[in-house]
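Colleague: Could you pull up the model and walk me through it? I have a few questions from the bench side.

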Amino acid sequence: MGRYDALLALFPLLPPIVLLFQLMEHPSDTLQRWYTHFWLSQDASGGKNAVEETPTVATQLLAYILIAIVGYLLTTLMVPSIQVYTLRKGICGKDLGKRGTLQGEQPLPEALGIVPGAVFLVCLLFCLVGFAATYPSRMLDVNAALLSICFMLFLGFTDDVLDWPWRYKLVLPSVASLPLLCSYKGSTSVVVPLQLRSLLWKDGHMTAFGDFLGSFVIVDAQATGALINLGYFYLLYMGLLAVFCTNAINIFAGINGLEAGQSYVIACAVLLHNLMEIQRDGPADNHLFSVMLMLCFIGVTLGLLRHNWYPATVFVGDTFCYFAGMTFAVVGILGHFSKTLLLLFIPQVINFLWSTPQLFKLVPCPRHRLPRYDPTKQLMYPSTFPCESHQYTWLKALQGIPSNAQELPNMTVINLCLQVCGPLSEVQLCRLLLLLQCLCCGFGFLCRYCLAKYIFDE
Ligand code: UD1
Ligand code: MG
């Protein structure tokens, strides 16, 4: 990664860093308190702490930041060592974005997401020491969350080694989310938008539609139609959220740096959201837990991105996509901000919706849909799939393509960008898509903090 791209990479991290420093007020004082707490409170025999003190929010935040920095350094250092082993075992792939060049012929190590995944878990174990001291009652769901992430990391790695068919890829995340769902004890209610409440409650009574809905779920009469308890449907929704987050990242992929880059931008946005909530309402355990996960995640993902950025020396593999997706699903579910999380996944949602005809085989779906590289011009063009001149006229009309065309662009946001902006180099395309991710996250924040007032009265 060049100096220019490294500077660009720090841009999404700036807003959460500013907020972190505001929350810690005086980092040097915090460091001093931290030093006192951990070292000077040990008695002479080196045994138990003389002073039993609950760590403050600032102390915890500082500890998480330091652990995240260690995570970044460990990942950066370990990826080059581990890639030798994956290559030796034949876990590798050719860079399809450089087909026709010498670089495109070299096998690149695959599944290197296993390194940030493993480092992330080790970092979290250290973070949990502090978290457990402050919030002992939350340890059951925190451990279940860790189990789900661990499970998904393992399943992702098996996918890279065994190359599961698509139908299995859809099921794997729902299996991995089971520990989380089984131990979930949070609310299963959702807030009904202001504009729809009159459908459920009118003139002090439940409407006929409210009664009908009440046969499936619990419409809270005391909240006068503002709350619906979805019960088991909420658990189903959380399982589907895990399936969506993991697969959405995996199918918005195929160019160097995009999988790790989008996850990094989303993680920065999630972190910013949690810090804003902590600043507004005080340190709630769900947001602190999410901050802890996101800081570690950002550290290890940045470490991986250095090696996966154009020209990539390693591929992150499905291991990373699944691990990242599950981590987001876990923080969204345990942090009780799954709707906000979806607002930060706008490019992935659009990519998923636009891909559905290919994913559900209404339209042919080639094994790889990443853009086509032209080695003579060194630019990327939308990749296509062949069709008969009379087929898919609706799709051709939708995209303004002549109705007798014998090929159609693959239905991904990556290809859409190339169709709109014209051919681009791989690195330009990746920068553009990550900029789009940043803008969409900004838009998500706008919806969350401005429009939510008018929709949910929050
Ligand atoms: C998903 C996409 C597929 C896309 C692939 C790329 C769907 C339904 N599937 O499949 O269209 O082509 O991800 O990740 O949308 N690769 C590169 N450059 C990169 C990253 C990957 O050339 O920067 C290639 C390498 O050959 C690598 C392979 O993609 O070995 C990895 O593909 P894999 O993750 O197994 O594909 P899927 O997740 O099944
Ligand atoms: Mg993949």
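Modeller: Sure, here it is, and keep in mind that this is a predicted model.

Colleague: Let's start with the metal. Which protein residues are the donors of the magnesium ion (ligand 2)?

Modeller: The donor atoms lie 2.0 to 2.1 Å from the ion. One residue sits in helix 12 (residues 232-251) and the other in helix 15 (residues 317-334), so the pair ties together parts that are 68 residues apart in sequence. The names you want are Asn250, through OD1, and Asp318, through OD.

Colleague: Is Asp318 buried or exposed?

Modeller: Buried means under 20% relative accessible area. Aspartate 318 comes in at 12%, and its partner asparagine 250, at 13%, counts as buried too. So for Asp318 the answer is buried.

Colleague: Now the hydrophobic part. Which helix gives the largest share of the largest nonpolar core?

Modeller: That core has 108 residues, and Phe120, Phe131 and Phe328 have the most contacts inside it. Leaving out residues up to four places away in sequence, Phe120 touches Leu293, Cys296, Phe297 and Val300, among others. The largest share, 14 residues, comes from helix 14 (residues 285-308).

Colleague: And the little sheet: which are its edge strands?

Modeller: The sheet is open, with 3 strands in the order 3-7-6 and antiparallel pairing. Strand 6 pairs with strand 7 (residues 227-229) over 2 bridges, and there Val219 stands opposite Ile228. An edge strand pairs on one side only, which leaves strand 3 (189-191) and strand 6 (218-219).

How values were computed
Residues numbered from 1 in each chain as written. Chains lettered and ligands numbered in written order. Predicted model: local features only at pLDDT ≥ 70, side-chain atom pairs only at ≥ 80, totals over all residues. Heavy atoms only, no water. Donors = N, O, S within 2.8 Å, 3.2 Å for Na, K, Ca; no water. Helix = DSSP H or I, 4+ residues; strand = E, 2+ residues; numbered from the N terminus. Buried < 20%, exposed > 50% of the residue type's maximum accessible area, 1.4 Å probe, protein only. Core = buried A, V, L, I, M, F, W, Y, C linked by side-chain atoms within 4.5 Å. Contact = heavy atoms within 4.5 Å. Pairing = 2+ DSSP bridges.
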